[in-house]
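Open the model in your viewer and keep the selection tool at hand. The stops below are meant to be taken in order.

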Amino acid sequence: MSTTCRDLCSSAISNQGQRAADKTSPASLVYRVRMPPIISVSNLSKTYASGFCALKGITLDIRRGEIFALLGPNGAGKTTLIGIVCGIVNATEGRVWVDGHDILASYRAARSLIGLVPQELSTDAFESVWATVSFSRGLFGKPPNPGHIEKVLKDLSLWDKKDNQIMTLSGGMKRRVLIAKALSHEPQILFLDEPTAGVDVELRKDMWDIVRALKASGVTIILTTHYIEEAEEMADRIGVINKGELILVEEKHELMRKLGRKQLTLYLHKRHTALPPDLQDRGLELAADGSELVYTYDTQAERTGITTLLKDLSAAGITFKDLNTTQSSLEDIFVNLVRNAK
Ligand SMILES: Nc1ncnc2c1ncn2[C@@H]1O[C@H](COP(=O)(O)OP(=O)(O)O)[C@@H](O)[C@H]1O
Ligand SMILES: [Mg+2]
């Protein structure tokens, strides 16, 4: 990890609350200060029996009501982290509290607050949709509530399939059934582990609508994904995990503001083969066979240097007919972070 990235990461993690407080309204500030995190993960590590260390000292708070996207390449440790919070995988070290309940000492209380949509598609093939979703609710010791199951199935557009055997459903419908099962016991927290891996674009959009509606109803959502677009679209905050280490936690907008770079492209009147000496080493690059000049600058810097640059270009006789600016996407930021962390 580069020095700048490391500095940024540690300050991002330790100053999260402070920075958020600086930016939020007094009302939400009071809310934040008073409301303890809904999930608190402290110094969590996991070494599998094989000796492989999948998580290394993860410390993370999830805020009540947020959509938190855990972003990371395959094998980063996302599913392991979720598995520990949900009590499926034992941690080697560290502790987790769910709404104040220690997941080991108060397993039932903690687990009953959580709905989990697993990464792997596996459901009973022969059961009907209605039976399997109702049964899931029973597993959490909740009394039957047909009204709730009906609402969940309707919200997920599964109502007309309620009597169908699961094996007769399409892949997308099966995924909805998994969400319905996870919501059957009215959890306050929903984990979605790669909810849109391998689903078509339409279903992905539907899934995003479902997640937004859940958030509006007060459910806290933690989703893992390696689709950056998904995090960009949905998340309030983003955590980046790589090789078992949480390398960054940040508000999405703050992350994009802070790490975002802008590029100014000038479409030149004439082709240039080289830049005059006093215009070198200033973040300028000739592109498109010398017919474009690209200036990369930091959106955080006090001055972008554009005014001076344009003056100097004009003095050097370099004129342009048009210009364009572009800003780096979350994808560029993510790729850079993971690359720098190697
Ligand atoms: N039961 C297991 N035994 C040994 N290694 C495992 C086990 N489960 C996962 N791993 C390893 O731990 C790492 C993290 O896996 P996982 O949490 O599934 O990552 P992700 O969900 O980010 O793709 C991977 O290298 C994976 O091979
Ligand atoms: Mg996974």
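This tour of a predicted model goes from a sheet to its helices, then to the cores, a ligand and one serine.

**The sheet.** Select strands 3, 6, 7, 8, 9 and 10. These six strands make an open sheet with mixed pairing, and the order across it is 6-7-8-3-9-10. At the edges are strand 6 (114-117) and strand 10 (245-251), each of which pairs on one side only. Direction ignored, neighbouring strands are turned against each other by 15 degrees on average.

Now show strand 6 together with strand 7 (residues 189-193): the two pair in the parallel sense, over four bridges. Within this pair, look for G115, which stands opposite L190 of strand 7.

**Two helices on the sheet.** Add helix 4, residues 78-85, which packs on the sheet. Strand 3 (67-71), strand 6, strand 7, strand 8 (220-225) and strand 9 (237-242) are touched by helix 4, and its direction makes about 150 degrees with that of strand 7. Next add helix 9, residues 201-216, also packed on the sheet. Helix 9 touches strand 3, strand 7 and strand 8, and the angle between its direction and that of strand 8 is about 150 degrees.

**The cores.** Select L190, L192, I221, I238 and V240. In the largest nonpolar core, which has 45 residues, these five touch the most other members. A second core, separate from that one, has 30 residues, including I38, L116, I222 and I241.

Return to V240 and display its surroundings. Leaving aside neighbours within four places in sequence, V240 is in contact with L71, E245, L246, I247, L248, F334, L337 and V338.

**Ligand 1.** Centre the view on ligand 1. Among the residues that surround it are Y48, S50, F52, P73, N74, K78, T79 and T80. Three distances can be checked here:

- from a nitrogen atom of ligand 1 to a side-chain N or O atom of Y48, 3.4 Å;
- from an oxygen atom of ligand 1 to a backbone N or O atom of K78, 2.9 Å;
- from an oxygen atom of ligand 1 to a side-chain N or O atom of T79, 2.8 Å.

**S45.** The last stop is S45, in strand 1 (residues 39-47). Is S45 buried or exposed? S45 counts as buried because its relative accessibility is 13%, below the 20% cut-off. A polar atom of the S45 side chain lies 2.9 Å from the backbone nitrogen of G57. Apart from neighbours within four places in sequence, the contacts of S45 are L55, K56, G57, A91, T92 and E93.

Technical notes
Residues are numbered from 1 along each chain as its sequence is written. Chains are lettered from A and ligands numbered from 1 in the order in which they are written. This is a predicted model: local features need pLDDT of at least 70, side-chain atom pairs count only at pLDDT 80 or more; totals for chains, interfaces and linings use all residues. Side-chain values use heavy atoms; hydrogens and water are left out. A nonpolar core is a set of buried Ala, Val, Leu, Ile, Met, Phe, Trp, Tyr and Cys residues joined through side-chain atoms within 4.5 Å. Buried means under 20% relative accessible area, exposed over 50%, partly exposed in between (1.4 Å probe, protein chains only). Contact means heavy atoms within 4.5 Å. Two strands pair if DSSP finds at least two bridges between them. Axes are lines fitted to C-alpha atoms, for helices over the stretch in contact, and angles run from 0 to 180 degrees between N-to-C directions. A residue is near a molecule or strand if one of its heavy atoms lies within 4 Å of it. A polar contact is a pair of N or O atoms within 3.5 Å; within protein, one must be able to donate a hydrogen and the other to accept it, and residues adjacent in sequence count only if both atoms are side-chain atoms.
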